[in-house]
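Thanks, everyone. Let's put the next model on the screen and walk through it.

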Amino acid sequence: MSIDFDDITTHDQSDDCVACRAQDIVGYSLVPAVATWEESYQLPRHALAVHGAAGLMAYMIQSGAGRDEVERAVAKVLDDYEAQAADDGLLNVPPQGTA
Ligand SMILES: [Zn+2]
C-alpha cells in the first residue's frame, strides 16, 4: 500500500482541507475520548495517548508504509500543531495596560 503523506499532511487552503478536517476530528473527538479512557481505566495521564499514537503508526507500517516516512509525516504534523499553538498563544495574549 502506498500512502501519499504529503497529500494527507499538507494544508491545501480549501474549505475541505484534509489536514484541517483530520485535526478537527482529533481535537473534538479523539483527544477528549483518550483523556476519558485514561481516567476511567486509571492509566497515567498520556499513557493511552502515547500507546495509541504508536499503535496507529505501527498499523501504518504493517500496512506497508516505511517507518521513516511515517516518522517524517508525524514530525511534520507535530510542527504544524506547535506552530498553530504558538499562533493561538499570540492571539490569546491579554491586552496590555488594562490591569
Ligand atoms: Zn488545512
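Start with the span of α3. At 1.5 Å a residue, its 16 residues should cover 22 Å. The end C-alpha atoms sit 22 Å apart, so expectation and model agree. Keep in mind that this is a predicted model. Confidence is on our side here: α3, residues 47–62, has the highest mean pLDDT of the elements, at 96. After α3 comes G64, with a positive phi near 115°.

Now α2, residues 18–40. How far does α2 reach from its first C-alpha to its last? The answer is 31 Å for 23 residues, close to the 33 Å expected at 1.5 Å a residue. Look along the helix and you find a kink of about 40°, centred on V26. Past the end of α2 sits Q42, and its phi is positive too, near 50°.

Is α2 largely in the open or buried? Just 1 of its 23 residues is buried, so α2 lies largely in the open. The cut-off behind that: a residue is buried if 20 or more other C-beta atoms lie within 10 Å of its own. Across the protein, buried residues make up 1% of the 99 residues.

Step back to the whole chain. There are 4 helices and 0 strands. From the N terminus, the order reads α-α-α-α.

Last, confidence overall. The average pLDDT is 90, and 90% of the residues score at least 70. Among the elements, α4, residues 67–91, has the lowest mean, at 91. One reminder: where pLDDT is low, predicted coordinates should not be read in detail.

How values were computed:
Residues are numbered from 1 along each chain as its sequence is written. This is a predicted model: local features need pLDDT of at least 70, side-chain atom pairs count only at pLDDT 80 or more; totals for chains, interfaces and linings use all residues. Helices (H or I, at least four residues) and strands (E, at least two) are DSSP runs, numbered from the N terminus. A residue is buried if 20 or more other C-beta atoms lie within 10 Å of its own, exposed if 12 or fewer, and partly exposed in between; C-beta atoms are placed from the backbone. pLDDT is the predictor's confidence in each residue, from 0 to 100. The expected span of a helix is 1.5 Å times one less than its number of residues. The bend at a residue is the angle between axes fitted to the seven residues ending there and the seven starting there.
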